[in-house]
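Work through the two exercises below with the sequence and the coordinates at hand, and try each task before reading its solution.

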Amino acid sequence: MQYKKIDQAHTPEEFSELKKTAPKTTAVGVGSLKAVWDQVNKYMDTGDVLKVMSAMNQKGGFDCPGCAWPDPDDERATMAEYCENGIKAMAEEVQNKTIGQPFFEQYSVDELAAKSDFEIGKSGRLAEPLYLTPGATHYTPISWEGAFEKIAKHLNDLDHPDEAIFYTSGRTTNEAAFLYQLFVREYGTNNLPDCSNMCHEASGAGLIETLGIGKGSVTLDDLYKADLVMVIGQNPGTNHPRMLSALEKCKENKGKIMTINPLPEAGLTTFVNPQRPMKMLTGGTELTDLFLPVTINGDVALLKAIMLKMLEREESQGGVFDHAFINDKTSGYDNFIADLKKYNYADCVKATGLSERLVAEAAEMVMQNERIIICWAMGLTQHENGVDNVRELVNLLLLKGSIGKEGAGTCPVRGHSNVQGDRTMGIWENPPEKLLHSIEKAFGFKPPTAHGYSVIDAIKAMYEKKGKVFIGMGGNFLSAAPDTNYTAAALQNMNLTVHVSTKLNRSHLITGKEALILPVLGRAEKDVQNSGEQIQSVENSMGVVHATKGVLNPCSDDLRSEVSVVSNIAAATLKGRTKIDWLKYEADYSHIRTDISKVIAGFDDFNKKLEKKAGFYLPNGPREGNFTTTSGKALFTANKMPTKVLKEGELLMMTIRSHDQFNTTIYGMDDRYRGIYNERRVILMNAADMEAQGIRERDVLNLYSDFNGVRREADKFIALSYPIPVGCCATYYPETNVLVPLDQFAHTAKTPASKSVVISVEKV
Ligand SMILES: Nc1nc2c(c(=O)[nH]1)N[C@H]1C(S)=C(S)[C@@H](COP(=O)(O)OP(=O)(O)OC[C@H]3O[C@@H](n4cnc5c(=O)[nH]c(N)nc54)[C@H](O)[C@@H]3O)O[C@H]1N2
Ligand SMILES: Nc1nc2c(c(=O)[nH]1)N[C@H]1C(S)=C(S)[C@@H](COP(=O)(O)OP(=O)(O)OC[C@H]3O[C@@H](n4cnc5c(=O)[nH]c(N)nc54)[C@H](O)[C@@H]3O)O[C@H]1N2
Ligand SMILES: [Mo]
């Protein structure tokens with residue numbers, strides 16, 4: 001088969017007018033407030049703006065559709081618990097511009113694919129269900145019933161349920177996610193890949209093995225009380241701005257902050273809290289006490305170097321390790337120490353790219369402080385050794401007895417607003433046996449036990465034509481996945497691709513033989529069903545479940561909720577053979593919660609608990625010092641230090657987010673904190689690497705990645721010198737996903753290694 005549309009699978013290689021200034025050190029403040037208003041006024045009526053701002057992240061209001069950072073349990077800022085990027089996410093979602101039949105009559109699928117992601121995103125909210133007939137050039141409207149029947153027919157025509165793939169992105173609420181996995185399992189497969197596979201899967205894998213639960217152990221209160229917070233591989237100023245308020249509180253309580261990141265990200269340096277006008281005038285709070293500009297993937301080496309220093313002091317003077325905790329609560333200590341001793345301190349320091357002085361200072365800081373929290377995100381998970389990174393940071397915390405006590409513990413900072421909840425609800429291609437038993441007991445059918453496809457396996461299955469129908473519950477699978485061209489080919493092999501979406505994206509434009517777009521309500525919109533207005537629920541990054549309820553009228557009368565879409569697909573597909581009354585759920589979501597109570601631990605009396613405005617905490621063993629591993633102990637592990645050596649001319653590339661995007665949704669063309677305006681096709685390089693390769697500022701480069709004999713290419717990126725360690729470079733995701741090899745991923749977790757792509761560059 002010829003994959004005609006491969007060159008339309010990415011944003012066009014065109015430039016806008018690049019402007020560059022020095023990177024900022026301060027985050028939020030006045031510039032942020034201005035950016036909020038600019039964005040909001042672009043899309044929304046003033047009345048709606050005020051309504052939304054007063055309800056977002058407030059008790060009784062709706063959950064911000066941005067990241068998964070928690071809201072305070074008690075007092076919340078009256079000016080709304082939001083951030084610049086939360087408002088942008090929301091404004092993007094509740095645009096008053098809609099697209100329906102006239103728009104899709106005007107533009108063919110190919111014409112839309114020729115636009116940039118930024119332009120596609122600006123088109124407006126999807127307003128009615130759309131269908132692409134085989135061979136057609138344009139989407140045309142279809143009735144909801146017509147769409148459900150088509151999906152049912154395709155699913156029922158397959159030889160085996162495992163030929164269908166059901167993706168989930170992390171905005172789906174608990175109620176919709178629970179129904180979706182229930183439907184997929186009654187239909188007969190565990191093919192439930194999700195965005196988590198590309199995100200914190202490595203954290204989940206590392207934490208389940210060592211501590212017994214794939215979630216973090218700390219609460220917001222712990223962050224306020226920590227002696228030391230280490231922020232590793234995370235850019236909260238852009239991606240979790242409300243975290244900066246928590247760090248500010250920690251500092252006010254005399255806590256210290258250590259930042260480990262190849263880039264000097266704004267916000268981690270200085271934070272100007274928009275809710276404190278006086279601070280805005282006086283220049284804000286300095287957050288980071290010690291900044292370690294580690295080389296990309298130098299984290300295991302750094303953690304080992306720190307632990308070697310600790311061991312040396314422990315052996316000479318004692319008093320460094322928490323032996324009571326180690327004896328009582330952990331296993332594997334002796335093996336771990338024996339393995340650590342195999343490493344040479346100087347070699348480790350060398351592999352970090354840092355000066356010995358800085359590493360020694362970091363070790364001293366860890367030794368001097370008792371209650372330690374480690375926060376991390378994609379800078380640690382998206383490497384081949386992503387799981388090792390997580391296990392190694394657990395080792396450090398265990399040595400200090402810093403898990404399961406106040407002000408200490410693990411804090412993987414989640415991405416999508418309900419990505420953690422979706423997993424709790426059973427969106428998991430490797431379901432635990434316990435979940436399957438509970439489903440069988442509650443619903444009377446036997447769910448399949450064979451593991452399903454993760455994102456990477458799903459792409460391969462589709463490429464090899466073992467997958468035939470793809471359904472995406474939210475998200476933008478094509479652009480988020482690694483190896484864009486391969487993924488584009490895979491999707492074009494499908495008989496049917498279906499996207500349940502709020503906004504148009506590239507995944508709607510590179511389709512199977514037939515395609516459907518099913519438009520749904522966003523978080524901020526009221527959800528009215530037969531029994532009246534519905535509430536739903538989400539779980540944040542710290543395991544708090546709370547209600548979310550929209551406040552605006554839907555942007556179109558022809559939208560359904562995700563719950564309604566799933567219920568109807570299930571009813572149509574499983575007609576005559578289901579044990580479940582699917583449409584009962586659609587009419588009244590409290591029935592879903594009643595059934596969640598029967599299946600998922602911690603959700604007993606769910607409807608009642610949800611009445612508690614600030615929500616309720618889910619059980620979390622490690623938080624209380626109960627390690628729910630098979631041995632009942634927290635586990636020390638031996639992890640190898642990565643040894644990848646770059647050849648001459650090669651660079652290690654991280655693919656990161658700008659300040660003006662939410663994953664594949666591009667809000668604008670500026671990366672304000674990094675001082676890059678109006679252009680996303682850039683590659684940030686160290687000045688010494690540029691000089692060594694004869695590259696001048698603003699030269700245009702083609703980028704290549706050679707992996708296992710396959711050459712991948714991304715054309716036309718403007719070279720910019722930037723404070724990044726030698727041998728490293730950075731580009732924006734998703735423009736360079738085309739370079740991320742499908743077969744390079746974290747062992748155990750299969751998280752694509754999108755922060756460790758070896759590339760070479762050539763001047764155009
Ligand atoms: N506004 C906004 N908010 C978001 C998102 C968004 O796109 N926009 N996305 C959401 C999602 S789904 C997620 S998962 C999170 C992502 O949140 P982050 O993980 O903060 O996002 P990234 O841009 O991928 O940044 C990774 C950081 O890790 C650093 N880094 C890269 N490689 C390494 C390394 O090898 N070692 C170390 N120590 N650091 C490294 C980079 O310099 C960068 O600062 O944010 C969520 N929130
Ligand atoms: N190279 C590289 N690749 C990456 C990453 C990286 O750092 N580097 N990060 C990875 C990470 S951490 C993640 S989480 C994934 C993200 O992968 P995805 O979650 O698949 O991608 P998003 O861009 O968040 O999805 C945006 C789309 O979701 C739809 N949408 C938004 N809100 C809703 C809603 O409420 N309901 C429904 N049904 N649809 C909605 C809209 O149509 C929008 O276009 O990407 C991964 N890919
Ligand atoms: Mo993510």
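The exercises concern a predicted model, and they treat the surroundings of a ligand and then a single residue.

**Exercise 1.** Describe the shell around ligand 1, stating which residues are closest, which elements supply the shell and which polar contacts are made.

*Solution.* Begin with the count: 32 residues surround ligand 1, and Asn-261, Glu-265, Asp-299, Gln-661 and Asn-663 are the closest. Next, sort the shell by class, which gives 13 nonpolar, 15 polar and four charged residues. Then locate its sources: domain 1 (19-25 + 646-763) and domain 3 (206-412) each contribute at least three residues, while helix 11 (236-239), helix 19 (378-381), strand 25 (651-656) and strand 26 (661-662) each provide at least two. Turning to the atoms, a nitrogen atom of ligand 1 is 2.6 Å from a polar side-chain atom of Asp-299, and a nitrogen atom of the ligand is 2.9 Å from a polar backbone atom of Asn-239. An oxygen atom of ligand 1, in turn, lies 2.6 Å from a polar backbone atom of Asn-663. Finally, consider the surface: ligand 1 taken alone exposes 920 Å², of which the protein buries 99%.

**Exercise 2.** Decide whether Thr-594 is buried, partly exposed or exposed, and find its side-chain polar contacts.

*Solution.* First place Thr-594 in helix 28, which spans residues 590-599. Its relative accessible area is 38%; because buried means under 20% and exposed over 50%, Thr-594 is classed as partly exposed. Then examine the side chain, where a polar atom lies 2.9 Å from the backbone oxygen of Ser-590, and where a polar contact of 3.4 Å joins Thr-594 to the side chain of Asn-607.

Notes
Residues numbered from 1 in each chain as written. Chains lettered and ligands numbered in written order. Predicted model: local features only at pLDDT ≥ 70, side-chain atom pairs only at ≥ 80, totals over all residues. Heavy atoms only, no water. Near = heavy atom within 4 Å. Polar contact = N/O pair within 3.5 Å; in protein donor to acceptor, adjacent residues only side chain to side chain. Areas by Shrake-Rupley, 256 points an atom, 1.4 Å probe, with all protein chains shown as cover. Helix = DSSP H or I, 4+ residues; strand = E, 2+ residues; numbered from the N terminus. Nonpolar A, V, L, I, M, F, W, Y, C, P; charged D, E, K, R; others polar. Domains from an automatic or database assignment. Buried < 20%, exposed > 50% of the residue type's maximum accessible area, 1.4 Å probe, protein only.
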